[in-house]
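Visitor: I'd like to learn how to read a fold from its strands, helices and annotated sites. Could you walk me through one?

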Amino acid sequence: MATPLTSSLATLAPLILAAIMMCSGLAHAELERFEHSPKPDNSLSFLVVGDWGRKGLYNQTEVAVQMGIIGEMMDIDFVASTGDNFYDNGLTGVDDPAFDESFSKIYTAPSLQKQWYNVLGNHDYRGDVEAQLSPILRALDSRWLCSRSFIVNAEIVDILFVDTNPFVDEYFTKPGGYNYDWRAVLPREKYLSNLLKDVDSALKESRAKWKIVVGHHTIKTAGIHGNTEELVKQLLPILEENNVDLYINGHDHCLEHISTADSPIQFLTSGGGSKAWRGVMKWPANPDEVKFYYDGQGFMSVKITPAQVDVAFYDVSGSVLHTWSRTKEIFSIV
Ligand SMILES: *[C@@H]1O[C@H](CO)[C@@H](O)[C@H](O)[C@H]1NC(C)=O
């Protein structure tokens, strides 16, 4: 049994460590980490939805209903959001009714009453970003968890959620009349180099069988926004070097699966949470890389066991549009 002294030392230890790191000028914060245990049978499943918060309009409610049904069938453990959580301009503050109208009152199915892990999209950065990160929202709806960059450690898989917004040059050079909330992001170069270092070391330290990275922006896409070249240059090499299995994003309001000969990573877009049907595509030079592309609304599911990952895409009526699976040797050395 711990004596009061040792237990209070144990509580203080992280604080002392943090203080030492700050004093020594090595205050290079690691990514925030959340533990999410898999099921007793060592499997884990979750849904991915992106680009959604429109108060139920543009089929957001219809997608939510089908997420509820598939979520129930799969007995999902959590939901991941690829960002653009609130249109058009994020939240105005913690008291913005859009939080209730676009989130709490929309995803009402019992199976969706799980943890939601959210990243921010560019539209979120046009509002009060700190509001989405605030514990006040978590108190209003305990499912809500939004952070800039963080890790969900689920034993068989490590999922890294990465804030991709500050990588995009255009938001800084040609903000197009929008006010991006770059508080806590500036100076940008430092933020980006720290983030890349954190992502690299988190992936290097990962002992999980599978590695997934989630961000808002595309790396490879056939959608209207095209590849995010800043991510292709700066983030992709780190993901490839560290054997990431899946990169999952939103931003393009579609569902798609891209797989290229030069990268073992599967590029999966789940950005069909509400407004879609853009009707514009930027097909890559090699069309064979596009394994699946759907311009309409829907969402994606992921099921993981130590030996296998299964991905599926669903439309607004819950029909399966595309599936993809990969197996790994259970006893292989990672
Ligand atoms: C809602 O989904 C249906 C079925 O895909 C589609 O025909 C309709 O255009 C969608 N509505 C909007 C506003 O996108």
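Visitor: What joins β10 to β11?

Guide: A hairpin does, through 6 residues. A word on the names: helices (H or I, at least four residues) and strands (E, at least two) are DSSP runs, numbered from the N terminus. This is a predicted model, so a caveat: local features need pLDDT of at least 70 and side-chain atom pairs count only at pLDDT 80 or more, while totals for chains, interfaces and linings use all residues. Residues are numbered from 1 along each chain as its sequence is written.

Visitor: Which strands pair with β11, and in which sense, parallel or antiparallel?

Guide: Two strands pair if DSSP finds at least two bridges between them. Strand β10 (residues 255-259) runs antiparallel to β11, with 5 bridges, and Glu256 sits opposite Thr269 there. Strand β9 (residues 246-249) runs parallel to β11, joined by 4 bridges; Tyr247 has Phe267 as its bridge partner.

Visitor: Is β11 enclosed or in the open?

Guide: Count neighbours: a residue is buried if 20 or more other C-beta atoms lie within 10 Å of its own, exposed if 12 or fewer, and partly exposed in between, with C-beta atoms placed from the backbone. In β11 (residues 266-270), 5 of the 5 residues are buried, so the strand is largely enclosed by the rest of the structure. Gln266, Leu268 and Ser270 point one way, Phe267 and Thr269 the other, and all are buried.

Visitor: How many residues of β15 are buried?

Guide: The number is 0 of 8 for β15 (residues 320-327), so that strand lies largely in the open. Strand β14 (residues 308-315) pairs with β15 over 7 bridges in the antiparallel sense, and Val309 stands opposite Arg326. Their hairpin has 4 residues between the strands, and Gly318 there takes a positive phi near 85°.

Visitor: And what about the loop between β11 and β12?

Guide: That loop, ahead of β12 (290-294), holds Gly279. Gly279 is exposed, with 7 other C-beta atoms within 10 Å. Gly279 and Asp295 are 16 residues apart in sequence, and their C-alpha atoms are 6.8 Å apart.

Visitor: On to helices. Why would buried residues line one face of a helix like α7?

Guide: Start with the geometry: an α-helix has 3.6 residues a turn, so residues three or four places apart point the same way. In α7, Leu195, Asp198, Val199, Ala202 and Leu203 are buried. Looking down the axis of α7, the buried residues fall within an arc of 125° (taken from the directions from the helix axis to the C-beta atoms), so they line one face of the helix. The face turned away from that buried side carries the exposed residues Glu189, Lys190, Ser193, Lys204 and Glu205.

Visitor: What covers the buried residues of α7?

Guide: We look at contacts: two residues are in contact if their C-beta atoms, placed from the backbone, lie within 7 Å. The cover includes β6 (150-153), β7 (157-162), β8 (210-215) and α9 (236-241).

Visitor: Where does UniProt place the feature "binding site"?

Guide: The unreviewed UniProt entry puts it at Asp84, Asn122, His216 and His251. They are spread over 168 residues of sequence but cluster in space, with a largest C-alpha distance of 8.3 Å. UniProt positions are given in the numbering used here, feature names are shortened, and annotations may be inferred rather than shown by experiment.

Visitor: Are Asp84 and His216 buried or exposed?

Guide: Asp84 counts as buried because it has 28 C-beta neighbours inside 10 Å. His216 counts as buried too, with 29. Asp84 is in the loop between β3 (78-81) and α3 (98-104), while His216 lies in the loop between β8 and α8 (229-234). Leaving out residues up to four places away in sequence, Asp84 touches Gly50, Asp51, Gly121, His123, Asp124, His216 and Gly250. With its own neighbours within four places set aside, His216 has contacts including Asp84, Asn122 and His251.

Visitor: What share of the chain counts as buried?

Guide: Of its 334 residues, 43% do. Among contacts with a separation of 6 or more, 75% come from residues 24 or more positions apart.
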